[in-house]
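Reader: I would like a close look at a single part of this protein. Please take one helix, describe its form and its packing, and then place it among the rest of the chain.

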Amino acid sequence: MELTNFSLYYGNSVDKDAIGAIAYRNKDQAVYGSIIDDFQTNIVVVYEGEVDEPYIQHFMVRGEHCQIMNVAMEDFRKELLNGTHKVLLKCLLEGDIIKDSDDRLYSMRRDFLTFEEPIRERKLFIGYANFLQKYVDAKMLMKEERLLDAYFCTLEGLHHWAELELLERGIHPNTAVWDQVTGLNTPVRKLYEELTASTETLGQRIELVLLACDFSMVSKLEHCAAPLLRLLRSRRSPWTMQELMLHPELEALRSVMPIVLRQLIYRSIVKEAAVWKEARAYHEPVRYYAE
């Protein structure tokens with residue numbers, strides 16, 4: 001079916017609050033049970049504000065299975081920055097824009113394809129936070145001698161590290177991350193092989209990889225934390241956590257910002273300001289600054 005037919009279908013069936021839509025035609029053989037490849041066509045319908053339609057709808061359009069995903073623009077941006085919703089990212093980067101009020105979807109796709117700022121910085125920040133979280137989890141599990149759980153967290157941490165390596169080179173990570181990093185000048189693929197195929201004990205393999213992860217985290221920290229550091233250095237007076245969490249420049253990073261901030265403090269890149277101690281000041285907020 002031609003995309004012009006989808007455009008006609010869209011115009012006749014989606015309410016006026018929708019600001020755009022993207023159609024992704026599955027060119028490969030269907031994969032049974034896949035959320036995207038099980039359908040001949042996937043359509044992402046984007047709304048300005050609150051979405052009244054169900055998130056997922058399934059239709060038969062002229063004899064073809066069609067999946068429609070209804071999403072608010074703000075949520076769409078967040079999902080794309082987080083990189084966890086591979087379906088939406090695939091539709092944006094590879095689909096056909098069939099309706100676009102004010103060229104907003106076109107501009108969004110252009111920015112993601114070219115990694116325009118601030119998208120590049122924000123994706124690096126989120127990717128680093130995910131990498132750091134898995135490293136911290138694995139370290140705690142090792143202390144508790146829960147080796148299999150620590151192994152799984154370490155493997156996930158390497159996956160986030162590999163995604164970071166791709167992002168730093170302007171490459172969008174897909175579901176075949178290990179194939180993507182093959183040939184790149186990075187130790188992460190070798191560490192993956194060490195963790196999964198080495199003849200050493202499981203504990204030794206995990207400890208070796210976590211040591212390499214620690215070195216990588218230190219070397220990448222300031223670069224990946226640039227949006228937060230820039231804001232902390234933008235004024236003389238220190239910032240409270242509440243101010244950082246509510247600042248519009250960190251809006252897309254709120255959920256992962258605290259763990260990166262704690263790492264910056266641990267590495268003495270960010271410091272806590274001296275708190276004025278007074279008997280009546282029971283709830284004096286901690287304040288942070290970076291030189």
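Author: What follows is an account of one helix and its surroundings, and then of several loop residues elsewhere in the chain.

The model is predicted. Its secondary structure comes to 12 helices and 8 strands. Of the 291 residues in the protein, 43% are buried. Of the contacts between residues at least 6 apart in sequence, 60% join residues at least 24 apart.

The helix chosen is α9, which covers residues 202-224. α9 has 23 residues, and from its first C-alpha to its last it reaches 30 Å, close to the 33 Å expected at 1.5 Å a residue. The helix has a kink of about 30 degrees, centred on V218.

The buried residues of α9 are G203, R205, I206, V209, L210, C213, S216, M217, K220, L221 and C224. As a general matter, an α-helix has 3.6 residues a turn, so residues three or four places apart point the same way. The cover over the buried residues of α9 includes the helices α5 (119-143), α6, α8 (188-197), α10 (226-232) and α12 (257-266).

Of these, α6 can be described in detail. Two packed helices are described by the angle between their axes and the distance between the axes. For α6 (residues 147-168) and α9, the axes come within 10 Å and cross at roughly 35 degrees. The crossing of the two helices is left-handed. By class, 14 nonpolar, 4 polar and 3 charged residues make up the contact of α6 with α9. On the α6 side, the residues are L147, L148, A150, Y151, T154, L158, W161, L164, E165 and E168. On the α9 side, they are L202, G203, I206, V209, L210, A212, C213, S216, K220, H223 and C224.

I206 gives a view of this packing from a single position. This residue lies in α9, and it counts as buried because its relative accessibility is 0%. Leaving aside neighbours within four places in sequence, I206 is in contact with M142, L147, A150, Y151, T154 and L195. Among these partners, L147, A150, Y151 and T154 also appear in the α6 side of the helix contact. M142 is 64 residues from I206 along the chain, and the C-alpha atoms of the two are separated by 8.5 Å.

Outside α9, there are other pairs of residues whose separation along the chain can be set beside their separation in space. T114 lies in helix α4 and is partly exposed, with a relative accessible area of 44%. The C-alpha atoms of T114 and G170 are separated by 7.6 Å, and the two residues are 56 residues apart along the chain.

The loop between β7 (271-272) and β8 (287-289) contains E284. E284 is partly exposed, its relative accessible area being 36%. From C-alpha to C-alpha, E284 and T240 are 9.9 Å apart in space, while in sequence they are 44 residues apart.

A273 is also placed in the loop between β7 and β8. A273 has 17% relative accessibility and therefore counts as buried. Not counting residues up to four places away in sequence, A273 touches P238, R287 and Y289. A273 and P238 are 35 residues apart along the chain, with 6.7 Å between their C-alpha atoms.

H247 has its place in the loop between α11 (241-246) and α12. With a relative accessible area of 18%, H247 is buried. Its contacts, leaving aside neighbours within four places in sequence, are with L231, W239 and R254.

The last region is the loop between β5 (96-100) and α4 (104-114), where D102 is found. Most residues other than glycine have a negative phi. Phi of D102 is near 60 degrees, a positive value in a residue other than glycine. D102 is exposed, with a relative accessible area of 70%. D103 lies in the loop between β5 and α4, and has a positive phi of about 60 degrees although it is not a glycine. D103 is partly exposed, at a relative accessible area of 46%.

Conventions
Residues are numbered from 1 along each chain as its sequence is written. This is a predicted model: local features need pLDDT of at least 70, side-chain atom pairs count only at pLDDT 80 or more; totals for chains, interfaces and linings use all residues. Side-chain values use heavy atoms; hydrogens and water are left out. Axes are lines fitted to C-alpha atoms, for helices over the stretch in contact, and angles run from 0 to 180 degrees between N-to-C directions. Helices (H or I, at least four residues) and strands (E, at least two) are DSSP runs, numbered from the N terminus. A crossing is left-handed if the near helix is turned anticlockwise from the far one by less than a right angle, and right-handed if clockwise. Contact means heavy atoms within 4.5 Å. Ala, Val, Leu, Ile, Met, Phe, Trp, Tyr, Cys and Pro count as nonpolar, Asp, Glu, Lys and Arg as charged, and the others, Gly among them, as polar. The expected span of a helix is 1.5 Å times one less than its number of residues. The bend at a residue is the angle between axes fitted to the seven residues ending there and the seven starting there. Buried means under 20% relative accessible area, exposed over 50%, partly exposed in between (1.4 Å probe, protein chains only).
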